[in-house]
Amino acid sequence: MEEEIKSLKQNNTWILTKKPENKKVIGCRWVLKKRGIPGVEQSRFKARLVAKGFLQVEGINYNLIFSPMVKHVSIWILLSLVVYQNLELEQMDVKTTFLHGTLKDRVLHRLTLFQEDYMQKVLTTFGMDQAKAMNTPLGSYFKLSSSKDSKEFDESFKEMVPYSRTIGSIMYAMIRTRPDLAYPVRVISRFMSKPKRDHWNVVKWVLRYIRGTKKLKLNYVRESSLKVRGFYDSDYAATLDKRRSATGYVFTVGENVAKYMALTKAIKEGIWLKGVMEELGCKQETIEVFCDSQSAINLSKNNMHHERAKHIDIRLNFVRDLLSKGIVKILKIHIEENLADVLTKTLSVNKFKRMLSLLRLTEE
């Protein structure tokens with residue numbers, strides 16, 4: 001709390017003035033939080049002095065508010081740019097970001113991102129640090145479904161296993177440096193409300209995979225250009241319960257991974273990436289999005305292919321408009337070369353390892 005008050009004073013956050021007549025004064029309050037992932041990271045106590053925004057009225061006290069938050073994709077784009085231009089990268093942190101507190105320490109950052117220490121903490125926390133390692137994040141024979149009635153769901157089992165906490169810990173690594181964990185996290189997250197023993201066994205499988213791959217690093221290499229390229233894939237009716245499709249896309253900037261997560265969404269992401277790169281002074285030509293489904297490519301280009309799919313007319317017209325203007329180009333790619341395949345389905349060991357190499361995830 002003392003640090004917070006000191007920062008507010010140093011940055012001249014407020015100016016003392018007399019209260020205007022007929023004006024409502026908005027008070028303030030302390031928000032106290034304990035940060036860090038329980039059992040994995042050491043807890044940190046934070047204090048923030050905030051205005052009581054719930055007493056404000058839109059149009060009177062404010063018009064537009066937002067919190068400036070960095071997207072991880074922006075960081076990855078910056079790293080690709082640093083490698084391409086052979087720059088030096090300096091990492092810094094500010095305790096009170098929007099107040100620009102004084103930074104005393106200078107920290108250098110290498111362009112190989114890894115979380116080996118964090119992964120080891122996760123494994124130790126959940127008792128999997130001595131478990132047998134696995135080569136793939138999911139077994140091909142897993143057929144998971146949710147609990148359909150009370151007989152299948154055991155409330156005591158949910159309380160007994162740290163299902164949600166384990167997924168949160170895995171997701172933390174996935175978002176930052178491990179795109180190979182995106183598909184298993186998607187699968188096991190569907191059962192967080194009513195996990196069964198089968199679901200927990202799959203979570204433990206994912207942890208065993210992490211044990212065997214905790215040294216994996218996300219590498220950035222220098223390429224001849226900073227071209228934005230996308231890869232899209234979809235697994236039709238993949239879920240057993242609701243028969244929903246699993247979709248995913250990967251974007252690279254100069255062959256370095258910039259975003260991972262269905263064709264329309266992928267194209268929208270590509271346009272956003274193109275805008276960011278051009279704002280940074282890197283001119284982009286037509287965005288290339290690769291897809292291994294010829295029918296999806298035909299549907300996006302030819303009106304005759306969607307007479308029975310009127311519910312997606314608007315999205316297809318959006319894509320066709322971009323295609324006709326030359327902003328986007330959708331190209332066919334062989335299924336063995338599609339980076340997005342790893343985000344939508346369980347792969348064989350050999351293909352999965354190949355995908356890791358294409359994503360530039362290595363132990364070197």
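In this tour, a residue is called buried when its relative accessible area is under 20%, exposed when that area is over 50%, and partly exposed in between, with a 1.4 Å probe and protein chains only. The structure is a predicted model, in which local features need pLDDT of at least 70 and side-chain atom pairs count only at pLDDT 80 or more, while totals for chains, interfaces and linings use all residues. Residues are numbered from 1 along each chain as its sequence is written, and side-chain values use heavy atoms, with hydrogens and water left out.

**Stop one: Leu-263 and strand E10**

Begin by selecting Leu-263, which has its place in helix H8 (residues 263-279); helices (H or I, at least four residues) and strands (E, at least two) are DSSP runs, numbered from the N terminus. With a relative accessibility of 13%, Leu-263 counts as buried. Apart from its neighbours within four places in sequence, Leu-263 is in contact with Tyr-232, Val-289, Ala-296, Ser-300 and Ile-330, where contact means heavy atoms within 4.5 Å. If you add Phe-290 to the selection, you will find its C-alpha 9.8 Å from that of Leu-263, although the two residues are 27 apart in sequence.

Now select strand E10 (residues 287-291), which is mostly covered, five of its five residues being buried. Turn the strand to look at each side: Ile-287, Val-289 and Cys-291 are buried on one face, and Glu-288 and Phe-290 are buried on the other.

Extend the selection to strand E7 (residues 228-235), which pairs with E10 in the parallel sense over four bridges; two strands pair if DSSP finds at least two bridges between them. Across this pairing, Phe-231 stands opposite Phe-290 of E10. Then add strand E11 (residues 328-332), which runs parallel to E10 and is joined to it by five bridges. Here the bridge partner of Glu-288 is Lys-329 in E11.

**Stop two: Asp-341**

Move next to Asp-341, which lies in the loop between E11 and H11. Is Asp-341 buried or exposed? Its relative accessible area is 1%, and Asp-341 is buried. Leaving aside neighbours within four places in sequence, show the residues in contact with Asp-341, which are Asp-233, Asp-292, Ile-335, Leu-347 and Lys-351.

**Stop three: helix H5 and its partners**

Two packed helices are described by the angle between their axes and the distance between the axes. Axes are lines fitted to C-alpha atoms, for helices over the stretch in contact, and angles run from 0 to 180 degrees between N-to-C directions.

Select helix H5 (residues 163-176) together with helix H7 (residues 197-213), which pack at an angle of about 30 degrees with their axes 11 Å apart. That angle makes H5 roughly parallel to H7, since angles under 35 degrees count as roughly parallel, over 145 as roughly antiparallel, 65 to 115 as roughly perpendicular and the rest as oblique. On the H5 side, show Tyr-163, Thr-166 and Ile-170, which meet His-199, Trp-200, Val-203, Val-206, Leu-207 and Ile-210 in H7.

Keep H5 and replace H7 with helix H6 (residues 182-189), where the axes come within 10 Å and cross at roughly 155 degrees. H5 is thus roughly antiparallel to H6. Tyr-163, Ile-167, Ile-170, Met-171 and Met-174 of H5 make this contact with Ala-182, Val-185, Ile-188 and Ser-189 of H6.

Finally, bring in helix H3 (residues 116-125), which packs against H5 at an angle of about 170 degrees, with the axes 10 Å apart. H3 and H5 are therefore roughly antiparallel to each other. In this pair, Tyr-118, Met-119, Val-122 and Thr-125 of H3 meet Arg-165, Ser-169, Tyr-172 and Ala-173 of H5.

**Stop four: three loop residues**

Select Lys-132 in the loop between H3 and helix H4 (155-160), where a relative accessibility of 63% makes this lysine exposed. Its C-alpha is separated by 9.2 Å from that of Trp-205, 73 residues away along the chain.

Most residues other than glycine have a negative phi. Asn-86, however, has a positive phi near 55 degrees, and it is found in the loop between helix H2 (72-84) and strand E3 (90-91). With a relative accessible area of 59%, Asn-86 is exposed. Arg-360 also has a positive phi, near 60 degrees, and belongs to the loop between helix H11 (349-358) and strand E12 (361-362); at 22% relative accessibility, Arg-360 counts as partly exposed.
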